[in-house]
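Reader: Hi! I have this one open on my screen and would love a walk through it. Could you take me around?

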Amino acid sequence: MAETIALVGGETLLGREVREVLGETALGQHVRLVAAADEETGTLTEIGGSAAFLAKLEPDAVEDADALILAGSVESSRIALEANPQGLIIDLTYAAEENPDARIRAPQVEGADYELDHTGPQIVAHPAATAIAMVLQRLNGNYPIARAIVHIFEPASERGATGIDELQQQTVNLLSFQPVPKKVFDAQLAYALLAQLGPEAPVPLTDVEDRIERHLATLLERMEGPPMPSLRLIQAPVFHGYTFSFWIEFEDAPAVADLEDAMSHDSFDVRTADLEPPNNVAVAGQSGIAVGAIAPDRNKGNAFWMWAAADNLRLAAESAALIAGEAV
């Protein structure tokens, strides 16, 4: 029997990104698309340029797959898990995170000596945690870090299509002096930066911040190098892409050019002073992380500021694809 990757939620924002990433590789020919919502069942779509239909989410669609990627809603993931799938579970929804055998994964920062453990679900690390770990790992390997602070600016797309739709509708309604919808954020996000969401928001910002912190701590612990930074998550009024403000104090003071050289790697797009600084729009659909606007802290000799941007959906999808490649 041919090896199969079942992708639950192929119609969601994140699922479409996973579908695209898989379709760019040989893994695309192994994918079975499964709808996360009943109303999407039977929808004609494509993967890797070939036509494909979204199958109904039922045991037969997932239980025999060699790898099962969960990219729909938490509810659809739970339904898929109840089918007791026999293959490797790759969870982008965090539905299986509480499983004692679960493993937080970010292949982008796992060294050659990382020991694979496929006995439990593979939880794809939160994309913000992966991005921060990638930056700190690269810098610390060249110039040891004493401490760091990271402000994380979260896009509406982390709430899926409903988050994007609500931000768009809020923007339109404000311009026409109409009440704004608040089902997702329970607050006016359009034209505003939010340190917390409204009390009725389905997913509090503090819960997301806690998850990023947990995942990042796990990734850094395995590296035995960079110290855990202090984090603050801010909800930004942007549709897509994470941006990060890093403050990093080194044990010894490198020069800006030294840091730019240290970040010169396939996973990074280093935006030097003569180039446009990183931004969330420019990284849409791009792999890796854009870094730039590196400047010394005028009040702390060994410290520097750095700005970074990454496509949140792409980063998570690439992690899932790399893990799937271990099973197929």
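**A walk through the fold**

Author: Happy to! Let's start with a hairpin: β3 and β4 form one with two residues between them, and Gly48 in the turn has a positive phi of about 60°. Helices (H or I, at least four residues) and strands (E, at least two) are DSSP runs numbered from the N terminus. This is a predicted model, where local features need pLDDT of at least 70, side-chain atom pairs count only at pLDDT 80 or more, and totals for chains, interfaces and linings use all residues. Residues are numbered from 1 along each chain as its sequence is written, and side-chain values use heavy atoms, with hydrogens and water left out.

Reader: Good to know. How many bridges join β3 to β4?

Author: Four bridges, with β3 (residues 44-47) and β4 (residues 50-53) running antiparallel. One bridge partner to look for is Phe53 in β4, opposite Leu44.

Reader: And the sheets? What is the order of the open sheet with parallel pairing?

Author: That sheet has six strands in the order β2-β1-β5-β6-β8-β7. Two strands pair if DSSP finds at least two bridges between them. The edge strands, each pairing on one side only, are β2 (31-34) and β7 (103-105). From one strand to the next, the twist averages 25°.

Reader: Which residue in β2 is the bridge partner of Ala6?

Author: Arg32. Strand β1 (residues 5-8) pairs with β2 over four bridges in the parallel sense.

Reader: Which helix lies across β1, β2 and β5?

Author: Helix α1 (residues 13-23), running at about 155° to β1. Helix α3 (residues 74-82) also packs on the sheet: it touches β1, β5 and β6 (88-91), and its direction makes about 160° with that of β5. For these angles, axes are lines fitted to C-alpha atoms, for helices over the stretch in contact, and angles run from 0 to 180 degrees between N-to-C directions.

Reader: What about Thr4, is it buried or exposed?

Author: Thr4 is buried, with a relative accessible area of 11%. Buried means under 20% relative accessible area, exposed over 50%, and partly exposed in between (1.4 Å probe, protein chains only). Thr4 sits in the segment before β1. Beyond its neighbours within four places in sequence, its contacts (heavy atoms within 4.5 Å) are His30, Arg32, Ala65, Asp66, Ala67 and Val328.

Reader: Nice. Now the other sheet, please. Which are the edge strands there?

Author: β10 and β12, each pairing on one side only. That open sheet has six strands in the order β10-β9-β11-β14-β13-β12, and the pairing is mixed. β9 and β11 pair in the antiparallel sense over eight bridges, and the bridge partner of His151 in β11 is Ser245. Helix α6 packs on the sheet, touching β9 and β10, with its direction at about 145° to that of β10.

Reader: Which residues touch the most other members of the largest nonpolar core?

Author: Ile152, Phe244 and Phe246, out of 57 residues in that core. The largest share, nine residues, comes from α4. A nonpolar core here is a set of buried Ala, Val, Leu, Ile, Met, Phe, Trp, Tyr and Cys residues joined through side-chain atoms within 4.5 Å.

Reader: What does Phe244 contact?

Author: Leaving out neighbours within four places in sequence, its contacts include Ala128, Ala131, Ile132, Met306 and Trp307. Apart from this core lies another, of 28 residues, among them Leu7, Ala52, Ile90 and Ala324.

Reader: At what angle do α4 and α8 pack?

Author: About 85°, with their axes 9 Å apart. They are therefore roughly perpendicular to each other, a label used for 65 to 115 degrees (under 35 is roughly parallel, over 145 roughly antiparallel, the rest oblique). Pro127, Thr130, Ala131 and Met134 of α4 meet Asn312, Leu315 and Ala316 of α8.

Reader: Last one: where is Phe177?

Author: In the loop between α5 (160-175) and α6. Phe177 has a positive phi of about 60° although it is not a glycine, and it is exposed at 78% relative accessible area. Tyr191 is in the loop between α5 and α6 too, with a positive phi of about 65°. Most residues other than glycine have a negative phi.
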